[in-house]
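Work through the exercises below with the sequence and the 3D view open. Each task is followed by its solution in steps.

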Amino acid sequence: MKWKRANGTGDSGASSGGEAPQSKKGGKSKIILIVIVALVALVAIFMVSTCKGESSDAKDSELDWPTSGLATMLPKPSTSKGRVYINSDDAFSATLAECSSSDYSSYVDACKEKGFTVEANPRHNKYTAFNEEGYELSLTYYEGNKKLSVKLDVLGQMSSITWPTSGPGSLVPAPPSTQGSIVNDSSKVYQVNVGDMDKDAFSAYAAQCKEAGFNVDYSSGNTSYTASNADGAKLHINYRGANVVSVRVEAAEASSDGDGASTSSNSTPTDSSTTSDADGSGASTSSNSGSSSASTDSSTASDASPVTPEFKEMLDSYEKLIDKYCDFMATYSSASTADQASMLADYTDLAKQEADWAKRMKAVDRSTLSAADDAYYIEVLARVSQRLIETGAQM
């Protein structure tokens, strides 16, 4: 699984843990210190397990660097080991194996030479930046197993958009810009990348949405705002860079059938059934479910030849877990050290689920999949990759 943000969380957690021993306030401080140290240790374990889940087979794979798709915008790496997961005209994801720290630094420099220097944000073992065309690059280096995660995303062709007057999108005010690219428009989720919005415009829009009722359990940062309204609808606003703001509105669970089943009119008869996910919370088999940015035409690949129901159930549940992780990390990353300690139980639960899913996703043999199953597999990975990139951009 590609949970890159655990690395950043681990860094911040390590910093807090490094300062805590200076406190000499008696037994209570010692208890708090023990909790913090336990949290830091868990973050480290979680980071390692997610790295393994994301690229468990990359170490032994011969890297075949593509000569088409978004890969052509990136420098060819020096390592011969790794794996490319996604390479299309709007998304790229790969893991490079057997990379030293100097290899990582060299690759960052090579990406800069390719033009990825706009709004650059270099951090410890992480580098994010845009190029002049608005393509978003994210590099994350895992020093423990010498692997480098490479992700490239295009924000979409901007054009004039009309803000919806019905559905999830109508729950929030229209942003000040009418230039955008619609990612998903369904009965459960509305997501759009809005152009011509700088950080000041982002902050003003977040405040406007808060005044409009999205002020329940809110979390506000320099580049992100997440909240719910009184009915349970969820809002995620992220400043992605290059004057682009991502707005994602998820309808309240109460507006769906059962325990999370989407009733989108775009679903085919095959997609209308619902099943329970791995942790029993429920996941829709419709490709328009409330999980990571399922686009309104996401069932196209399966219209002629339906996706195997069991396989679709697994991918939808995986996608729902990624959404759950991203929502959790958005809250966790902006929480105080004390609040992070109180979130330890939830973090432990996510780590256990991740370990289970790492095994299940590793067991997928694409050579045995039907054309419809393989197309949906790629589709889900692309949506998951996009959501993770958005979540990583707010760290």
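## Exercise 1: a helix on a sheet

In this predicted model, helix α3 (residues 101-113) lies across β3, β4, β5 and β6, and runs at about 170° to β5.

Task: find the order of the strands in the six-stranded open sheet, and name its edge strands.

Solution.
Step 1. Trace the pairing across the sheet: the order is β1-β2-β6-β5-β4-β3, and the pairing is antiparallel.
Step 2. Look for strands that pair on one side only: these edge strands are β1 (82-87) and β3.
Step 3. Compare directions while ignoring their sense: neighbouring strands of this sheet are turned by 5° against each other on average.

## Exercise 2: strand β4 and its partners

Task: decide whether the residues of strand β4 (residues 126-130) are buried or exposed, and which way they point.

Solution.
Step 1. Apply the cut-off, under 20% relative accessible area for buried. Five of the five residues of β4 meet it, and the strand is mostly covered.
Step 2. Sort the side chains by direction. K126, T128 and F130 point one way, while Y127 and A129 point the other way; all are buried.

Task: describe how β4 pairs with β3 and with β5.

Solution.
Step 1. Strand β3 (residues 118-123) pairs with β4 in the antiparallel sense, over four bridges. Within this pair V118 stands opposite F130 of β4.
Step 2. Two residues separate β3 and β4 in their hairpin, and N125 in the turn has a positive phi of about 60°.
Step 3. On to strand β5 (residues 135-142): five bridges join it to β4, and the two run antiparallel. A129 has L137 in β5 as its bridge partner.
Step 4. The hairpin of β4 and β5 has four residues between the strands, and G134 takes a positive phi near 95° there.
Step 5. β5 also pairs with strand β6 (residues 147-154), antiparallel and over eight bridges. Here L139 stands opposite V150 in β6.

## Exercise 3: the two sides of helix α4

Task: which residues of α4 are buried, and why do they lie on the same side?

Solution.
Step 1. Helix α4 (residues 199-211) has 13 residues and reaches 18 Å from its first C-alpha to its last, close to the 18 Å expected at 1.5 Å a residue.
Step 2. Its buried residues are A201, F202, Y205, A206 and C209. They cover an arc of only 135° around the axis, which puts them on the same side of α4.
Step 3. The general rule is that an α-helix has 3.6 residues a turn, so residues three or four places apart point the same way.
Step 4. Turn to the face directed away from the buried side: this face carries the exposed residues D200 and E211.
Step 5. Check both ends. At the start of α4, a side-chain oxygen of D198 reaches to within 3.2 Å of the backbone nitrogen of D200. After α4 comes G213, whose phi is positive, near 120°.

## Exercise 4: what covers α4

Task: identify what covers the buried residues of α4, and describe the sheet it packs on.

Solution.
Step 1. The cover includes β11 (224-228), β12 (234-241) and β13 (244-250).
Step 2. An open sheet of seven strands has the order β7-β8-β9-β13-β12-β11-β10, with antiparallel pairing. Its edge strands, β7 (159-160) and β10 (216-220), each pair on one side only.
Step 3. β12 and β13 pair in the antiparallel sense over seven bridges, and I237 stands opposite V247 in β13.
Step 4. α4 packs on this sheet, touching β10, β11, β12 and β13, and its direction makes about 175° with that of β12.

Key: Residues are numbered from 1 along each chain as its sequence is written. This is a predicted model: local features need pLDDT of at least 70, side-chain atom pairs count only at pLDDT 80 or more; totals for chains, interfaces and linings use all residues. Side-chain values use heavy atoms; hydrogens and water are left out. The expected span of a helix is 1.5 Å times one less than its number of residues. Buried means under 20% relative accessible area, exposed over 50%, partly exposed in between (1.4 Å probe, protein chains only). The arc is that of the directions from the helix axis to the C-beta atoms. Contact means heavy atoms within 4.5 Å. A polar contact is a pair of N or O atoms within 3.5 Å; within protein, one must be able to donate a hydrogen and the other to accept it, and residues adjacent in sequence count only if both atoms are side-chain atoms. Two strands pair if DSSP finds at least two bridges between them. Axes are lines fitted to C-alpha atoms, for helices over the stretch in contact, and angles run from 0 to 180 degrees between N-to-C directions.
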